[in-house]
Structures are given as structure tokens and as C-alpha cells.
Amino acid sequence: MAAFQDMIKPTYRAALTSTGASARPNRAAHPPHALTHIPGSRHTTAIDMSSASALFAPTSVRGLRGSPDRVVARRRAGARSSVAVTAAADAVKFYKYQGLGNDFVLVDNRDSSEIKLSSERCAQLCDRNFGIGADGVIFAMPPGFVQADEDYSMRMYNSDGTEPEMCGNGIRCLANFVAKMDGAEPKAYKVGTLAGLIQPEVRADGQVSVDMGEPVLDPPKVPCTFDATQDGAAVRAKMEVDGETWLVTAVSMGNPHCVTFGKEGQCDEGGIKLDEFALSHYGPMFEKHPTFPAKTNTEFTEVVNRNYVKMHVWERGAGATLACGTGACATVVAAVLEGRTERKCTVELPGGPLEIEWRESDNRVIMTGPAELVFDGTCTTA
Ligand code: ZDP
């Protein structure tokens, strides 16, 4: 991102700053989103699109695509846009949610089975400088995706525009959202996802508890190319990364996860020290490792005791995030398989703790944590 901004000529940058508009230098300019952020408040007001137009119209979409000097010249001349910045039909209402700092733009798509924003637009909206800023975009969709008696279904795009199968923190946000929209008492929902049926329950204390289903451990189904090492799973499998051997356990929670407690030797002698861990150095090497053909989320984990671990995540398609729900579930499954923790465990993430239980009775993983509306607003489809 820094390199990207350096590419913008100073005059161009000045023009953008002075108008409040923003655009990527090599893409079509996008009208900014009309939104109000009231820090610390759950109550927000969306600016309607007419006020957004008034605010941003002086910068021409065509001008931004043209030479920077022309933009400045047009500004000086007080030139008005010949291109309407917004059209009501293109306005999409969104709700910005976060779960332990893993943040999402949530779109109410329940009136149509067609997703309202393209994957490219989602990637733009996730950008923290040129967009709203988020780790992904979540769509609350109509039911009938996995089975007929669903309440809703959920789709998601990562911040790079790729579509994962599941999103643990995201489904807590979705449950919180539909509960608010329905004005319902705390209740359980059946939500269809690309990873099958997932069942979040909004509790009276505001926390959301999610039945995340059974973990998938068969290596080809994760997917990864390891041979199974223990009970049909790849546990403490050796993986060469950056010229060293790491021991990893491969778990799918609908989406692929590679959980590690450290390098060979290190992982049994104190393990990873997360405070000193170079996440952005190692993360991308794990994410794109050829052992995981669909790429992978990676959890770097430090065991504190048999009921408490700390974990830093490098997400597939999103990089370092403050929390990952599916990743916390995969971490506890891996820790149990490696004999490091009990089945009920707190996973402390940079954004806060998640309570995870891998139930012995039915093999299902239950995740409990918060979800919170931060602000709402309106964006455009292009
Ligand atoms: O599998 C993937 O590509 C993930 N980046 C999806 C998002 C996972 C998430 N962080 C979670 O909480 O499970 C939303």
C-alpha cells in the first residue's frame, strides 16, 4: 500500500485530499461512500446519497481518470462533474461489524439471491485507505442455499476478492445483524454456507455461540498433500518453510487451516514466542505453500496451559487479522490432536478471547464470542 501511494504524484494526491475523493491511480475512480462514523456509538446515521453527491460531486470521475493537472485545473475553475456521482439504484446499504477486531462490511442481501457487489468491488471496499476498510465483505442471503429449512444463508469475500467457504467471526456478526433486523429475542439460526449448515445462537448476554460443525481431518479434503500420520489426520506433519522444518497439523473447518506450535524441536521446548514472532515474514510462505493447493489460513500458536492458548493468525486472502473464528476452532482441534490441551479451551487472539469447545459427545466444535455493529452507511456498486 505504501508503494502504491508513492506512485501517486504529489499534485494528484493534493487534488484528492482537497476534494475528499479517493481513487486508485490505475483504476476507475470510485465515488466515496457516504457514511458517518460515530466512534464508540452503536447508533449511527447514514448520510443520504443527495448529501453525498453535494459533498463529492466537484471532482469529476472523468477528471480523476485523466491527468492529475487536469483535475487540479478543474478544481481551480470550480468545474462541476459532468458525471453524476451517485444514482439511487446503485446505492447499497451496509453495516460495519467487528468480532474481536476481525471486521466486515455486511450487506443485507436477503431480498435477492444475486450478490449485490462484485468481488472486485468488495476488494476495493475492504481497502483501509481507498475504501471503507475491512477484512472481508459478508452477505446476508435468502435461505435455501444448503437446505430448505434454513433461516438465511451467508456468502463472503476476503479482502483480496476471493471467496472462502466459511467465516467464523463473520457468522457471529451475521447472526447479531439478523437478530437486530428481525427485532427477535435471542435465538438460534440455521445458516447455509459453502461449508454446509452452520448454527449460530444469539444469547441473552449478547455473545454469539456457534455450532461450527465437525472438523474435517482427511488430508485430501482439507485440502493438503500430506499423508495421514495419526487416525486419518495429518498431525505434527513436517513442512519445510524458509529452509527449516516446521511441525504442522492440517484441519478444515470448511476452510483450510495449518496450525503450528513451532519448528521441529522448538515446538516441544517452549514453542513459539508470539511476542517476538515475525508474522508477516512467515505468514505468506505458509499461505502459499504448495502442500496446501487451495492456499491456507495459518495459526501460529503458543500454549499457556491446558485450557488456554495464544494464537496469531495469517489469513488466506486477508493477511494478518486481529482474530479468526474458524482459525481458533482449528487451533483447539489441532492442540487436542497433538495432546497439548483439553477439548475446552480459551484462544486468546490479538483482538481478544474466543471460547472454543471440541465436543467429545458429537465431534462438533462450538465457538463463543462477541459481535458488534460499529457503524452503518451507504456505498455504491461501482
Ligand atoms: O478461509 C479464508 O480464506 C479466510 N480468510 C476466511 C475468513 C475467516 C475468518 N477470519 C474467520 O473468522 O473464520 C472470517
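These are my notebook entries on the ligand site, the cavities and two backbone features of this model, which is a predicted one.

**Entry 1: the shell around the ligand**

I began with the ligand and listed its neighbours, taking a residue as near when one of its heavy atoms lies within 4 Å. I found that 17 residues surround the ligand, and that Cys167, Gly168, Glu315, Gly325 and Thr326 are the closest of them. Sorting the shell by class gave me seven nonpolar, eight polar and two charged residues. I then asked which elements each supply at least two residues of this shell. They are the strands β3 (102-108) and β5 (152-158), together with the helices α7 (168-182) and α9 (325-337).

**Entry 2: polar atoms facing the ligand**

Next I looked up the polar side-chain atoms that lie beside ligand oxygen atoms, and I noted three residues. For Thr326, which is also among the closest shell residues, a polar side-chain atom lies 2.6 Å from an oxygen atom of the ligand. For Asn297 the corresponding distance to a ligand oxygen atom is 2.8 Å, and for Asn255 it is 2.9 Å. I also looked up how much of the ligand the protein covers, and recorded 100% of the 370 Å² of accessible area that the ligand has on its own.

**Entry 3: the cavities**

I searched the whole structure for cavities of 30 Å³ or more and obtained three. The largest cavity holds about 100 Å³ of space, and I counted 15 residues in its lining, with Met166, Cys167, Asn255, Glu315 and Thr326 closest to its centre. The elements that give two or more residues to this lining are β5, α7 and α9. By class, the lining divides into five nonpolar, eight polar and two charged residues.

Where does the ligand sit? I place it in the largest cavity. Cys167, Glu315 and Thr326 accordingly appear in my notes twice, being among the residues closest to the ligand and also among those closest to the centre of the cavity.

**Entry 4: two backbone features**

I closed with the backbone, bearing in mind that most residues other than glycine have a negative phi, and that most peptide bonds are trans. Between Val222 and Pro223 I noted a cis peptide bond, with an omega of about -5 degrees; Pro223 is placed in the loop between β8 (208-211) and β9 (237-241). At Leu100, which is not a glycine, I noted a positive phi of about 55 degrees, and I located Leu100 in the loop between β2 (91-99) and β3. The strand β3 that follows this loop is one of the elements that supply at least two residues to the ligand shell.

Conventions
Residues numbered from 1 in each chain as written. Predicted model: local features only at pLDDT ≥ 70, side-chain atom pairs only at ≥ 80, totals over all residues. Heavy atoms only, no water. Polar contact = N/O pair within 3.5 Å; in protein donor to acceptor, adjacent residues only side chain to side chain. Areas by Shrake-Rupley, 256 points an atom, 1.4 Å probe, with all protein chains shown as cover. 1 Å grid on protein atoms, 1.4 Å probe; cavity = no way out; pocket = protein on both sides within 12 Å on 5 of 7 lines; lining within 4 Å. Sits in = over half its atoms within 2 Å of the grid points. Helix = DSSP H or I, 4+ residues; strand = E, 2+ residues; numbered from the N terminus. Nonpolar A, V, L, I, M, F, W, Y, C, P; charged D, E, K, R; others polar. Points joined across faces, edges and corners; volume = space filled by probe spheres on them.
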